[in-house]
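Open the model in your viewer and keep the selection panel at hand. The stops below run from the ligand outwards to the backbone.

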Amino acid sequence: MKLENTLMMIPGPVPIAPRVQRAMGRPMFGHRGEEFGAIYDECREILAELFRTSNEVFVISGSGTASMEAAIGNVIGKDDTIITIENGKFGERLCDIGERYGNAVKLQYDWGTPIDLGAVEAALENGAKAVAMVHNETSAAIKNPVEEVAKLAHKYGALFIMDAITTVGGDTVEVDKWGVDLAFMGSQKCIAAPPGLSAITVSDAAWDAIVDKPPYYLDLKAYRKSGSNSPTQTPYTPGVPLISAMCEALRIVKEEGMQQRKHRHAQGAAAVRAAAGALGIELFPKIDKYHSYSNTVTAMNIPEGITDKQLRGGMLDMGIQISGGQSHLKGKIFRIGSMGNFTATDMVTTISTLELVLAKHGLVDRIGTGVEAASRELDKI
Ligand SMILES: *Cc1c(COP(=O)(O)O)cnc(C)c1O
C-alpha cells in the first residue's frame, strides 16, 4: 500500500506547507515584470537575513549542487588551487567540483569524523585561492568548524566558500561575521520550499576574484547585472512557480522567527539523540571540541539484529519516511531529519514508529522509552 500522506522525516526534501503548495499553483506570470520582480526582491531580502549578510543574494534555478558549482566555478580557473575539505558525501562533491575547474588539494577524513585544522593551515601555507567546506555535513550529520577555517583562510589571503545548504533557515549562520565569501543554501532543506532552487551570496572579495570565463549559465556577474534591473530579474528564465513557492516558504520562516526556528530544529535533533540513547542506538558521527552533532539531521548506526531494509522499510509501511546512508554508508547508518516545518508531534510519531519497528524485531522490550526520552527535549519547543 502506497500512502499519499507519508510523513517525510528525511534531510530534504521536506514537507511543504499547504500555502507554499498553493503559491506554486498560481496562474503563470512572466519573469520580466513587476510581479516577478517583487517576489524575487522579497526572497532575496529574507534570504540575506537568513545568511546574515549585507552582500547580495541571488536565487539560482537549480538544486543546491548548482550553487556549489556556481561558487567554485566563478572563482577557480584552471591555474588556481582550491583546498577542499571532505568528511562526508557533500564535502566529496566540493572536491569533485574543485577538480573540474582547477587544482583541488583534497583534505579527506573518514565520513562523520573531525577535520584537522592543523592540516588546513599546512595546506594554506602552500598557497591557495580558496578553501571550500560544508557547514553541516548532511550525509554524516556532523557540524564542521567553519568559523575556524574561515579565519585560517583569511590569514592566508584565501577566499572561504561555505556550503550552508542544511543550516540556512535552521541553524546559526553568520556570513558577514564569519567572513564567508561565497555561501549557498538549498530550497528543499531547512526553509521547507520545494526542491529545484538554491541561493548564493557573494562578498566583495569574491567579486574581485571572479575568473575570466565562469560557467555560462551560472555566471554570477550576469546574476548581479539582472538583479540590478528594475524590476529585478534573473539572467535566464527562472523556475517561476518554484520562486513563488520559495517566497511563501520564506514568509513562514520570518513569521516563526529565526530564533524560534533554530531552537525548534536544535530541540528536534536533541530529541532524536535522546531517543537513540534510551534505545541503545549509537550515534554515527564522532565529534570533538571543534565539531558538534547536527541540529538538522541525526545519523545513527543501524543496530545489530535488523537490516536497513527492515528498519526503514518497516517505518515506511507505517507512513514514516527516514533516510539511509549514502555511498559506502548505505546499509550501515540511518538518518532522521529535524528539518523544515516539522512539529513536536511529527517527531513523537517518528520516534514511536521507530520503536514499534524495533520491538517487532525484538530489539526493545518496552515501547515508549524512546518517546519518553525525546519528550524531555520536545516539551521545550
Ligand atoms: C542537499 C545538499 C546538497 C545539494 O544537493 P542537491 O541535491 O543538489 O540539492 C549539498 N550539500 C549539502 C550539505 C546538502 O545537504
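**Stop one: the ligand**

Select Asp163 together with the ligand: a polar side-chain atom of Asp163 sits 2.6 Å from a ligand nitrogen atom. Remember throughout that this is a predicted model.

Add Ser63. An N or O atom in the side chain of Ser63 is 2.5 Å from an oxygen atom of the ligand. Now add Thr138. The Thr138 side chain also places an N or O atom 2.5 Å from a ligand oxygen atom.

Turn on a surface for the ligand. Taken alone, the ligand exposes 380 Å². How much of that does the protein bury? The figure is 88%.

Next, show pockets. The largest pocket is the space that the ligand takes.

**Stop two: the shell**

Widen the selection to the residues around the ligand. There are 14 of them, and those that come nearest are Ser63, Thr65, Thr138, Asp163 and Lys189. Colour the shell by residue class. You should get 4 nonpolar, 7 polar and 3 charged residues.

Which elements give two or more residues to this shell? Select helix 3 (64-75) and helix 4 (89-101). Helix 3 gives the most, with 3 residues.

**Stop three: a small set of strands**

Switch to cartoon view. Select strands 6, 7 and 11, which make up an open sheet of 3 strands. The order is 6-7-11 and the pairing is antiparallel. Look at the edges, where strand 6 (136-137) and strand 11 (292-293) stand. Each has a single partner strand, so one side of each is left without a neighbour in the sheet.

Zoom in on strand 7, residues 142-143. Strand 7 and strand 11 run antiparallel and are joined by 2 bridges. Which residue of strand 11 stands opposite Ile142? Pick Tyr293.

**Stop four: two cis peptide bonds**

Go to the loop between strand 1 (7-8) and helix 1 (18-24), where Pro13 has its place. Show the backbone atoms from Gly12 to Pro13. The peptide bond between them is cis, with omega near -5°.

Then jump to the loop between helix 9 (220-227) and helix 10 (240-256), which holds Pro231. Ser230 and Pro231 are joined by a cis peptide bond too, and omega is about -5°.

**Stop five: a positive phi**

Finish in the loop between helix 2 (34-51) and strand 2 (57-60), and select Arg52 there. Is phi of Arg52 positive or negative? Phi is positive, at about 60°, although Arg52 is not a glycine.

Key: Residues numbered from 1 in each chain as written. Predicted model: local features only at pLDDT ≥ 70, side-chain atom pairs only at ≥ 80, totals over all residues. Heavy atoms only, no water. Near = heavy atom within 4 Å. Polar contact = N/O pair within 3.5 Å; in protein donor to acceptor, adjacent residues only side chain to side chain. Areas by Shrake-Rupley, 256 points an atom, 1.4 Å probe, with all protein chains shown as cover. 1 Å grid on protein atoms, 1.4 Å probe; cavity = no way out; pocket = protein on both sides within 12 Å on 5 of 7 lines; lining within 4 Å. Sits in = over half its atoms within 2 Å of the grid points. Helix = DSSP H or I, 4+ residues; strand = E, 2+ residues; numbered from the N terminus. Nonpolar A, V, L, I, M, F, W, Y, C, P; charged D, E, K, R; others polar. Pairing = 2+ DSSP bridges.
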